[in-house]
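Me: I am new to this structure and should be grateful for a close look at its salt bridges. Please explain which charged side chains pair and where the partners lie.

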Amino acid sequence: MAVLIIITASIGFSWRSQSIDLNALTLATVQQGPLNTQVSGYGELRSKYTRFLTANHQAQVEQVVLRPGARVTKDDVILRLSNPSLEQRLNRARLALARQRANFEALKLAQQSEQLTAQGNLTLLKSELAGAKLRAQAEGQLIAEGIVSMLDHKRSQLRVAQLSERVALSEQQMQQMQALHQKRLDVESELVEEFSLAFASAQADVDKLQVRAGINGMLQQLQVEQGQSVQVGAPLAVVGSEHELLADLLVNERDASQIVVGQQAIIDTFTDTVAAQVSRIDPIVRDGRVAIELELAADLPSNARPALTIEGEIITDTLEHARHLRRPSYVDAEQRRPLFIVDPAANQLVQAELEFGKLAGDSIELRSALPAGTQVVISDMGEYMHLQKLTTVSH
C-alpha cells in the first residue's frame with residue numbers, strides 16, 4: 001500500500017512538472033480560403049526540338065570542330081568527315097556535266113548555222129520569185145504591142161509558178177527543220193538536266209561530309225572522335241533547341257492519377273521560376289514514378305538550358321473554402337496524425353488527432369474542424385506524444 005502511494009505521488013509530480021518553452025517550438029496557424037492542391041516532382045529540362053546527326057556514308061572523322069555545350073546556328077560545322085570515293089564521284093559528275101553542256105552548246109551553234117543557210121536559200125528564192133513576177137507583169141503589158149510573144153509570156157508565168165512552189169516548199173522545210181531542231185535541243189537539255197541532278201547529288205554527298213547543326217540551339221552530345229571511322233547510319237551528334245524547352249517532371253505513381261493534360265504548373269530552376277502546362281503524361285511507370293511532360297512559357301529564366309535539374313509543382317485542383325496550414329515535415333497527404341494544439345487560455349498544448357487531405361506546396365489541407373487562427377505545433381514532438389497535455393511557458 002505504501003509503495004502504491006509513492007508511485008502515485010511520483011506520477012502526479014511527473015505530470016505536474018511537464019512543461020515546455022513555447023518559443024522553442026515551430027507553430028503553424030490554421031487558415032481558411034482558396035487552396036491550390038499540388039503534386040510535386042523533380043526532373044530536368046529538355047529541348048523541344050532535337051536533331052540527331054548520323055553518317056550518310058562510310059567516312060572518317062577528319063576534324064572535330066565543336067564540342068558539347070557549344071551554342072550553334074543551323075549552318076555551323078560540327079564535324080568534318082572525309083571519303084575519297086565521294087570526291088572522285090563528284091569530279092566524274094562535274095566532267096560529265098561539262099561535256100554534256102559543251103555538246104548542247106555545239107548543237108545549238110550547228111543548228112543556228114544550218115538555219116542561217118536555209119534562210120539564205122529561202123531569201124534567194126524569194127528574190128528570184130519577185131523578179132520573175134515583175135518580168136511576167138511587164139511582158140503582159142507588151143504582148144498587145146507585139147514586142148513580146150505570147151510564148152515568152154507563158155514561159156515567164158510558168159517560171160513564176162515554179163518559183164512560188166519552191167518558196168512554199170522551202171518555207172515548209174524551214175518550219176520542219178526548226179521543229180526538228182527544237183526536239184533535238186529538248187532531248188539534249190533533258191540530258192543536261194540529268195547530268196546536273198547527278199552532279200548535284202554528288203555535291204550534296206560531299207557537302208554532307210561537313211556535318212552541320214541543322215537547327216539553332218546547343219550541341220548536346222558528340223559520339224565520335226577525330227580519326228574514327230564511321231559506317232552508314234552511325235550516330236554522330238545530337239543538337240537540341242536551347243530556348244524552346246520542355247520539362248520532364250517525375251512524380252509519384254500514387255499522385256499521377258490526379259494529373260490531367262492542360263493543368264497549370266510552376267517549374268523551379270533554383271534561380272527563378274517559370275509557368276508551365278501539362279502537355280503529356282507518360283503511360284509507363286518506372287521505379288514507382290511517372291514522367292509528366294510540361295510545356296514552358298515563352299519567358300524562360302536566364303539559367304534555363306537543356307538537361308538542367310529542376311523541381312516542379314502541378315496544380316491539380318483549387319479548393320475554394322479549405323482549412324489549411326503549413327505542412328509538418330513528418331505528415332503526408334491523406335493521413336491522420338496526432339499533433340499538439342495551442343490552448344492560449346489555459347497556457348497548454350493539447351494533443352489531438354488531426355485528419356489531413358491534399359498537399360498544396362508547403363501547405364496541406366486540414367479536414368479536422370479546427371477554426372481559423374488556431375495554432376498547431378509542427379515541430380517534432382515525438383518524446384512528448386505519450387502525454388495528452390503540456391504546460392507552456394514563455395521566456
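Reply: The account below takes the salt bridges in turn and ends with a short view of one sheet.

The model is a predicted one. In it, the count of salt bridges comes to 16. As a general matter, side chains of opposite charge can pair when their charged atoms come close.

A suitable starting point is the pair formed by R46 and E293, whose closest N and O atoms are 2.8 Å apart. R46 belongs to strand β3 (residues 31-47) and E293 to strand β15 (residues 289-296), so this salt bridge ties together parts that are 247 residues apart in sequence. The surroundings of the two partners may be described in turn. R46 has a relative accessibility of 29% and therefore counts as partly exposed. E293, with a relative accessible area of 13%, is buried, because the cut-off for that term is under 20%. The pair also belongs to a wider arrangement: R46, D248, R280 and E293 are linked in a network of salt bridges.

Another salt bridge joins R336 to E355, with an N to O distance of 3.3 Å. R336 is found in strand β17 (residues 336-343), while E355 is found in strand β18 (residues 348-360), so the contact ties together parts that are 19 residues apart in sequence. E355 is partly exposed, its relative accessible area being 28%.

R327 and D332 form a further salt bridge, in which the closest N and O atoms are 3.8 Å apart. This distance falls within the 4 Å that the term salt bridge allows. R327 is partly exposed, at a relative accessible area of 28%. D332 likewise counts as partly exposed, with a relative accessibility of 33%.

The strands may also be considered for their pairing with one another. One open sheet consists of four strands in the order β8-β7-β5-β10, and the pairing is antiparallel. The strands at its edges are β8 (210-212) and β10 (229-230); each has a single partner strand, so one side of each is left without a neighbour in the sheet. The partner of β8 is β7 (residues 77-82), and three bridges join these two antiparallel strands. Within this pairing, L79 stands opposite V211 in β8.

To return to the salt bridges, R46 and E293 connect strand β3 with strand β15, and R336 and E355 connect strand β17 with strand β18.

Definitions and conventions. Residues are numbered from 1 along each chain as its sequence is written. This is a predicted model: local features need pLDDT of at least 70, side-chain atom pairs count only at pLDDT 80 or more; totals for chains, interfaces and linings use all residues. Side-chain values use heavy atoms; hydrogens and water are left out. Two strands pair if DSSP finds at least two bridges between them. A salt bridge is a side-chain nitrogen of Lys or Arg within 4 Å of a carboxyl oxygen of Asp or Glu. Buried means under 20% relative accessible area, exposed over 50%, partly exposed in between (1.4 Å probe, protein chains only).
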